Amino acid sequence: MMQYDFDTVINREHTDALKWEPCILRDKFGEKDMLPLWVADMDFKAPQPVIDAIVKRAEHGIYGYTIRLKDYYDAIMEWTEKRHHWNVKKEWIVFTPGIVPAVNYMIQAYCLAGDKVMIQTPVYYPFGKAIANNGCQVVDNALLYDGRNYTIDFDDFEKKARDPRLKLFILCSPHNPIGRVWTKEELTRIGEICIANNVIVVADEIHHDLILEGHTHHVFANISKDLAKQSIICTAPSKTFNLAGLNTSNIIIPNKELRIRYEQVLENNSIWGQNPMSIDGMKAAYREGEPWLDALLLYLEENVRFMDNYLKDNLPCVKLIRPQATYLAWLDFTEVTTDDTLLEKLIFHDAKVALDGGTWFGETGSGFMRINFACPRRILQEALERITKSVSEYCQASRE
């Protein structure tokens, strides 16, 4: 395997990076001099073939309107077959500039005002905003937490799926922020319940290339033909290859009727063109980025091990919910405090580390925070050292 450098710290300040810009940190957290491990992009350069493809396209000098040709779709289909053993047809693929916009358009396509959409908190917070912003009601099938792991409350899920006003279920697979890779059995049961109650499954699988050691991701629509007819699969190269700023996602809809309804909403919103850099960047990523991804996954595994060992040795009152996928980890601070205002003070203001607050992901996130460990290990270590110092000082003072 080629050697890839994930240890070099790259200065991202003053590059308009949402994650790093001091003015954004000040507005969001009240501090500008912070170590940011929050927004879900990586602090690593994209694969070199992607950089080369974008530079070559930029050097052409003309950035006019674009279309997606056969090689664009071939790259997606080849990648999906190779990495996920799913044979996707070209006509199933619908371009959308990002999965968050896609979710909004799906709610517009399949719901009327007042309809209900189900999510499983703690979950990626733009889902709830998309539901509310489109005039629908959020239904929460909260995940069950036993102090170590999260599971699905299927009794509650089935009860809520019977509501005739429930039109969509947004499945986060792998789950963000808890890092669960759902088993084939869990996904099949979800599908059976949704089919029985005519609920469309929108499967956000944006992290499905980032599966950690010992786990297997199952594409929801690839489990059976019946599940394929009932579902929409959201994919993108953005998390896999650190290309979020290219605003490219490919929504895969095997069911023709569902696809036509979704495409009509895109037409209504004039969604058709694409950034020329994103076209060439995506094709290069899927065609030439696999060795880089394989090396990345090994580095992320080591970061998980490092974080797990560090917390056990230095801050055992903070539990890592060990992720099975993604580069995001869920930290349980409930042994330290159940006061979220105090927790934010300890992390944001005292430690000066920017993490995603647990309650951003719903009320069930109270006492937790999400950390992005897709960064050079010395950045991760410094963040953990700052958190350890802040929390330890608080615990010591509380005992005195």
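**Exercise 1. Place S366 in the fold of this predicted model, and decide whether S366 is buried, partly exposed or exposed.**

Solution.
Step 1: Find the neighbouring elements. S366 sits in a loop, with β14 (356-357) on one side and β15 (368-372) on the other.
Step 2: Take the relative accessibility. For S366 the value is 28%.
Step 3: Apply the cut-offs. Buried means under 20%, and exposed means over 50%. S366 has 28%, so S366 counts as partly exposed.

**Exercise 2. Which residues does S366 touch, leaving out those up to four places away in sequence?**

Solution.
Step 1: List the contacts. S366 touches T334, T338, D340 and T359.
Step 2: Look at D340 in detail. The side chains of S366 and D340 make a polar contact at 2.5 Å.
Step 3: Turn to P122. In sequence, P122 and S366 are 244 residues apart. In space, their C-alpha atoms are 9.1 Å apart.

**Exercise 3. Describe the largest pocket by its volume and its lining.**

Solution.
Step 1: Start with volume. The largest pocket holds about 1,200 Å³ of space.
Step 2: Count the lining. There are 45 lining residues, and V39, A40, D41, A244 and G245 lie nearest the centre.
Step 3: Name the elements. α4 (99-110), α5 (126-133) and α9 (238-241) give two or more residues each to this lining. α4 gives the most, with three residues.
Step 4: Sort by class. The lining of the largest pocket has 24 nonpolar, ten polar and eleven charged residues.

**Exercise 4. Do the same for the second largest pocket.**

Solution.
Step 1: Start with volume. The second largest pocket has about 350 Å³ of space.
Step 2: Count the lining. It comprises 19 residues, and R148, N149, L320, I321 and R322 are the closest to the centre.
Step 3: Name the elements. α12 (290-314) and β11 (319-321) supply at least two residues each.
Step 4: Sort by class. Here the lining has nine nonpolar, four polar and six charged residues.

**Exercise 5. Why does the radius of gyration of the protein agree with that of a compact globule?**

Solution.
Step 1: Take the expected value. A compact globule of 400 residues would have a radius of gyration near 21 Å.
Step 2: Compare. The protein has 21 Å, so the two agree.
Step 3: Add the box. The C-alpha atoms fill roughly 65 × 55 × 40 Å along the principal axes.
Step 4: Add the interior. Buried residues make up 56% of the 400 residues.
Step 5: Add the contacts. Among contacts with a separation of 6 or more, 74% join residues 24 or more positions apart.
Step 6: Count the elements. The protein has 14 helices and 15 strands.

Note on methods
Residues are numbered from 1 along each chain as its sequence is written. This is a predicted model: local features need pLDDT of at least 70, side-chain atom pairs count only at pLDDT 80 or more; totals for chains, interfaces and linings use all residues. Side-chain values use heavy atoms; hydrogens and water are left out. On a 1 Å grid over the protein atoms alone, a cavity is a set of points where a 1.4 Å probe fits but cannot get out, and a pocket is an open set with protein on both sides within 12 Å along at least five of seven lines; lining residues have an atom within 4 Å of a point. Grid points are joined across faces, edges and corners, and a volume is the space filled by probe spheres set on the points. Helices (H or I, at least four residues) and strands (E, at least two) are DSSP runs, numbered from the N terminus. Ala, Val, Leu, Ile, Met, Phe, Trp, Tyr, Cys and Pro count as nonpolar, Asp, Glu, Lys and Arg as charged, and the others, Gly among them, as polar. Buried means under 20% relative accessible area, exposed over 50%, partly exposed in between (1.4 Å probe, protein chains only). Contact means heavy atoms within 4.5 Å. A polar contact is a pair of N or O atoms within 3.5 Å; within protein, one must be able to donate a hydrogen and the other to accept it, and residues adjacent in sequence count only if both atoms are side-chain atoms. The radius of gyration is taken over C-alpha atoms; the globule rule is 2.2 Å times the number of residues to the power 0.38.
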